[in-house]
Amino acid sequence: MNAPAKPKLIGQSVTRKEDGPLLRGQGLFAADVNFPNQLYMRVVRSTYAHGNILSVDLAPALAIPGVVAAWSFAEVADVPPIDFRLTKLEALAAYRQTILAKDRVRYVGDPVAVVFAENAYLAEDAAEHVVVEIEELPVILEADGPTGEFRDGLPTEPAVIRKGYGDVDAAFAKAHATVSLSLSIGRHSGVPLETRGAIGRYNAVKDVLEMYGAAKVPHWNRDQLATMFGRPQLSMNLFEGHVGGGFGIRGELYPEDVLVCLAALRLGRPVKWIEDRREHLIAANHSRQQTHHIRAAIDSEGHILAIDDEFYHDQGGYMRTHAATVPDLAAAMLPGPYRVPAYRAAGHIRLTNKTPGGTYRAPGRYESTFVRERLLDAIAAEIGIDTVEVRRRNLIDKSEMPVTRALETLGTHIVLDSGDYAGLLDKALNGVSWDALQADIKQRREAGELVGAGVAMFVEKSGLGPFDDVRITIDTTGHVEVVTGAASVGQGVETVIAQICADTLGVGYDQINVIHGQTNRIGRGLGAFASRVTVMTGEATRLAAIKLRDKVLTTAAELMQLPSGELDIVDGQIVQTGNAIGPSVGLGQIAAALAPGSKLLGDEAPGLSAEATFESAHMTYPYGVHVAVVSLARDTGGIDIERYLVAYDVGRAINPMLVEGQIVGGVAQGIGGALYEEFTYDDRGEPLAVTFADYLMPTAREVPDVDVIVSEDAPSPLNPMGVKGAGEGGTNAVGAALAAAIDDALQMPGAISQLPVSPQTIRALLRP
């Protein structure tokens with residue numbers, strides 16, 4: 001009798017391991033964490049966008065019973081500003097944010113003081129008794145306007161990102177035509193269901209400082225906090241709980257994270273801070289806001305000869321942890337899936353008096369894809385060809401792969417590892433029955449409707465290295481534990497890692513527990529960002545599982561007196577290959593046989609465990625196509641998204657259902673930035689979007705059903721599973737596709753030059 005077939009888990013849409021506790025109401029978010037004798041922190045924030053701090057009087061707050069401490073900059077002057085995590089530039093260092101404003105405030109919401117009290121209500125009341133006197137200064141609100149002074153003679157333009165290759169000027173000199181556009185993307189950001197929060201606790205007996213509520217990059221934040229406090233790294237532990245959405249905005253080291261830890265250390269009591277929604281909207285990282293002036297040199301058939309782009313990135317009040325990440329990615333990724341013989345980009349980083357900027361899902365690509373795809377549509381109009389045809393003529397062919405661009409970003413050279421861009425375009429067009437769609441649109445237009453379709457293409461980046469570590473251990477009950485330095489912001493990390501481990505090792509999916517985001521469990525880790533976890537942690541998991549499997553079979557061979565080559569692991573049992581009724585040994589028995597003192601150990605350490613590291617010098621590059629169909633209301637300017645399709649090639653989908661979920665969620669966020677969400681300010685820099693009544697999030701009413709094509713035509717050659725990341729492709733091209741569809745509905749090529757597109761914009765365009 002043959003042994004039962006081993007269940008294959010990689011590639012299966014198994015249900016999420018994470019969902020059980022969440023559905024049972026057993027989630028442990030930051031606000032759920034409490035300790036005895038806990039204090040509560042409240043931040044006193046600037047009400048001015050720009051001004052000199054004349055005085056901060058803490059005495060009225062301190063006089064209130066129950067208030068334990070209050071600090072302004074004077075009390076934290078020994079703590080250095082928060083450092084950068086990615087794309088460091090020396091010129092940016094002077095623009096970092098201190099944990100409390102020193103002598104000048106630079107945006108409404110800038111932390112000026114903090115109050116610590118016995119309960120959250122008292123802390124909030126006491127914060128209102130802190131008297132802050134500020135001399136208001138003129139504000140800078142336009143990044144592409146005149147520069148000013150940041151402080152001490154430092155200009156508000158600290159650096160310009162320059163990237164390029166080829167002879168751009170020569171290409172423009174010989175061009176058949178030049179197409180020029182000015183385009184802008186509005187300021188919006190991630191608005192997760194769970195606001196930020198942090199709890200600091202100091203164990204004086206062990207001299208260990210802990211922070212709960214960590215997310216995204218716990219190990220980097222641990223190391224940075226240790227450096228800022230002058231403590232050994234191993235005297236700090238960060239713990240990640242459940243996370244109610246990340247999207248790039250959560251998990252970076254903010255002033256509040258540092259303050260709760262510092263307070264726990266100094267006050268000797270646990271200290272808790274939970275952000276309210278208004279704080280989130282004015283104090284957490286904003287993103288996206290850029291203005292581009294772009295031009296393309298083309299030949300008579302619409303082939304791109306060169307692209308020249310100059311853009312202005314609105315960074316807000318300070319340079320936060322991402323430093324130049326967003327403008328760097330915008331400049332590096334702008335050429336997208338197209339053949340661009342010569343390229344030049346100059347990205348001006350500008351400080352303004354708005355909330356500081358950071359990353360938001362598909363940072364730099366949502367912006368640059370909108371700009372590039374608008375340029376492709378303009379080229380089509382210039383030459384008089386179809387917008388699909390202009391893309392076909394310029395796409396990199398699959399025979400050219402891999403393509404090395406003379407560009408780098410995030411410390412790696414851009415090497416487009418694999419792709420069939422034209423093939424995916426065909427899949428997308430077939431997915432919406434493009435020709436039939438065009439005929440239907442024509443018929444509806446003849447009946448007076450404003451309806452149109454748009455296409456946008458993009459290349460993403462994912463799988464940022466340089467390393468990830470994984471340790472897998474099996475205990476004497478046969479239970480499997482995977483420990484990783486990755487983090488989870490709700491995207492299904494536990495599920496995907498368990499699938500890879502179970503499939504490789506030969507154990508049941510439910511036997512596996514995945515531990516992540518706990519700095520006391522593994523020495524180093526790079527967390528979750530840049531769509532890296534499935535690629536990097538997934539491959540490290542596979543490698544560790546292979547090692548552990550070999551160890552299991554070697555030990556089992558001794559116990560079963562059979563050659564290891566004749567053994568297999570099926571559902572956690574070691575069996576003779578092809579003999580389902582023969583002898584078997586459980587994984588727990590193998591672990592017990594390798595207990596300390598076992599003669600089977602030889603030179604090996606006790607226990608059944610294996611570790612592996614996966615290293616990669618280059619990122620993987622998934623790619624996709626968005627197709628949007630919209631109709632417009634003549635009377636209100638309302639925009640209705642009738643159909644939306646995303647085709648996305650991820651190389652290999654570990655869990656197709658999770659990939660689809662990532663794409664659909666990403667589309668919803670992309671719609672927000674394209675049509676609804678925007679942080680606006682009045683002339684004095686006062687934010688006008690401080691509640692959900694002002695900051696419009698798309699709901700189920702505004703988000704259509706999204707058709708998803710998950711393609712696996714171009715596995716990455718950079719990892720054995722061929723995996724590419726899937727976290728950002730759903731968002732990337734939404735603005736570009738909707739802009740093209742609205743243009744088409746209006747029959748006004750190039751009408752949409754900025755995001756978000758409001759009904760007022762449509763009404764203005766329709767006015768005679």
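This is a short dialogue on reading disulfides, burial, contacts and cavities in a predicted model.

Q: What should I know about the model first?
A: Local features here need pLDDT of at least 70 and side-chain atom pairs count only at pLDDT 80 or more, while totals for chains, interfaces and linings use all residues. Residues are numbered from 1 along each chain as its sequence is written, and side-chain values use heavy atoms, with hydrogens and water left out.

Q: How many disulfides does the structure hold?
A: A disulfide is a covalent bond between the sulfur atoms of two cysteines. With the cut-off of a cysteine sulfur pair within 2.5 Å, the structure holds zero.

Q: Are Cys261 and His219 buried or exposed?
A: Buried means under 20% relative accessible area, exposed over 50%, and partly exposed in between (1.4 Å probe, protein chains only). Cys261 counts as buried because its relative accessibility is 0%. His219 is buried too, at 2%.

Q: Which residues does His219 touch?
A: Contact means heavy atoms within 4.5 Å. Leaving out residues up to four places away in sequence, His219 touches Gly485, Gln518, Thr519, Ile522, Gly523, Arg524 and Gly525.

Q: How many cavities of 30 Å³ or more are there?
A: Rolling a probe the size of a water molecule over the atoms shows where empty space is left. A cavity is a set of points, on a 1 Å grid over the protein atoms alone, where a 1.4 Å probe fits but cannot get out; its volume is the space filled by probe spheres set on the points, which are joined across faces, edges and corners. There are four such cavities, and the largest has a volume of about 170 Å³.

Note on methods
On a 1 Å grid over the protein atoms alone, a cavity is a set of points where a 1.4 Å probe fits but cannot get out, and a pocket is an open set with protein on both sides within 12 Å along at least five of seven lines; lining residues have an atom within 4 Å of a point.
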